[in-house]
Amino acid sequence: MYHLPPVMKSDVVCEVPTCMYTLKPVSSYAYDPTAFTDILSGSSSGAPDLEEKEELRMLAERQQRVLQQLAELKKEILAMRTELKLSAPTAPAQSSSALKSKAQLKAEPINLTYLQDFVVNASPEFVPYSLLALKNLWKDRLNLHVECFTHSTVPKLSEEALNFQNVITQSGTTATNLPQIKVTLIWKNVGAYTEMITSPTSYVPICGEVNILRYLSRCGPSEFNYEQLDNVDEVDSILDACYLLLNKQNVKQRQQILRTLGSKLGKLAGFGGEELSLCDIAFTSAVKQVQRTVAKDINPNMAKCMGRVATAVGL
């Protein structure tokens, strides 16, 4: 490349104030006109001084320490994976037909330390049907005891909300010796953003019915935990689509999301194949809540899937 004349001559003297402390040069080349000229001309000997050697040695030692810390961190993660009995990450499945059946998921004892009572704020216009689905689906493993109250922001409950309340508060045939979670359902004017509050003192709500399902699937019976499936990414994408279907106010956007879910469902009996899955529950609950706006876009197989869920869990 062509050479350019120096921007500043090396013989320029700058008066440095004495009221501040001085620092040593970061690089000797910046203050050595001869070395700078040698580099441009290509005649530098390339022999670093002792100070540069020391800096390189310190840099190499620091890099070695970082690499050692990364290796130790990797060992800790592998140990945690072994302790939690997690399998190595696999490539996401391309089709929801790759879901494991419920029989393939190991039913382990429920960890009682994860069970805590919580409050759900829901609008009577957007009934959280998934709570009723889980109550009936888990009836042989975990008891969801639900009590309902009405907030002052709701002057009157709809017929749909009253029917739901009557069904979900019934004890049914649930065994009394099972672990129990007490759920306080408060009908409140919160719109489509159903809230779940696990700690009244800190009041950090979990917003969205789908996210409540995610939370409960982690602390509930292990055989219903979708995170143990091979295609957990695909399941999460379906749950996210159900969340958007419920919370998008634009009808055209809801129709587009419903078509996306229909393509994922295809001609299968459900998103989990023949076995009832969390995706089927989330999809059925979301569609039932917005059915008035997307009724004409529900194809026969979607209706069949929803009917199967309604029959199985009593929606």
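## Briefing: a buried serine, a shared core and an aromatic cluster

Start with Ser130, which is found in helix 3, the run covering residues 129-137. This is a predicted model, so read everything below with that in mind. Ser130 is buried, at a relative accessible area of 4%. Right beside this serine in the numbering is Tyr129, part of an aromatic cluster with Phe164 and Trp187. Trp187 also turns up among the residues with the most contacts inside the largest nonpolar core.

**Around Ser130**

- Skipping neighbours within four places in sequence, Ser130 is in contact with Glu209, Leu213, Ile281 and Ser285.
- Why does Ser130 count as buried? The cut-off is under 20% relative accessible area, and Ser130 has 4%.

**The aromatic cluster**

- By the pairing rule used here, the count comes to three aromatic pairs.
- One of them is Tyr129 with Phe164, an edge-to-face pair at 5.7 Å centre to centre with 85° between the planes.
- Tyr129 sits in helix 3 and Phe164 in helix 4 (residues 159-168), so this pair ties together parts that are 35 residues apart in sequence.
- Buried or exposed? Tyr129 counts as buried at 7% relative accessibility, and Phe164 counts as buried too, at 3%.
- Phe164 also pairs with Trp187, again edge-to-face, with 6.1 Å between centres and 75° between planes.
- That second pair links distant parts of the chain, with Phe164 in helix 4 and Trp187 in strand 3, 23 residues apart.
- Both Phe164 and Trp187 are buried.
- Put together, Tyr129, Phe164 and Trp187 make one aromatic cluster.
- There's a charge to keep an eye on as well: Lys288 lies over the face of Tyr129, 4.9 Å from the ring centre.

**The nonpolar core**

- How many residues are in the largest nonpolar core? There are 63, and those with the most contacts inside it are Trp187, Leu216, Leu261 and Phe283.
- Domain 1 (110-225) and domain 2 (229-314) both give residues to this core, so it lies between them.
- What does Leu261 touch, neighbours within four places aside? Its contacts are Ile238, Ala241, Cys242, Leu245, Phe271, Phe283 and Met302.
- Phe283 therefore shows up twice: it is one of the residues with the most contacts inside the core, and it is in contact with Leu261.

**Strand pairing**

- Strand 3 (residues 180-187) pairs with strand 1 (residues 118-122) in the parallel sense, over five bridges.
- In that pairing, Ala122 stands opposite Trp187 of strand 3, the Trp that also belongs to the aromatic cluster.
- Strand 2 (residues 143-150) runs parallel to strand 3 too, and eight bridges join them.
- Across that second pairing, Phe149 stands opposite Ile186 in strand 3.

**Ile197 and strand 4**

- Where does Ile197 lie? It's in strand 4, residues 195-197.
- Ile197 is buried, with a relative accessible area of 7%.
- Ile197 and Val119 are 78 residues apart in sequence, yet their C-alpha atoms are 5.1 Å apart in space.
- Not counting residues up to four places away in sequence, Ile197 touches Phe118, Val119, Asn121, Tyr203 and Pro205.

Conventions:
Residues numbered from 1 in each chain as written. Predicted model: local features only at pLDDT ≥ 70, side-chain atom pairs only at ≥ 80, totals over all residues. Heavy atoms only, no water. Core = buried A, V, L, I, M, F, W, Y, C linked by side-chain atoms within 4.5 Å. Buried < 20%, exposed > 50% of the residue type's maximum accessible area, 1.4 Å probe, protein only. Domains from an automatic or database assignment. Contact = heavy atoms within 4.5 Å. Pairing = 2+ DSSP bridges. Helix = DSSP H or I, 4+ residues; strand = E, 2+ residues; numbered from the N terminus. Phe/Tyr/Trp six-rings, centres within 6.5 Å; stacked < 30°, edge-to-face > 60°. Lys NZ or Arg CZ within 6 Å of the ring centre and 35° of its normal.
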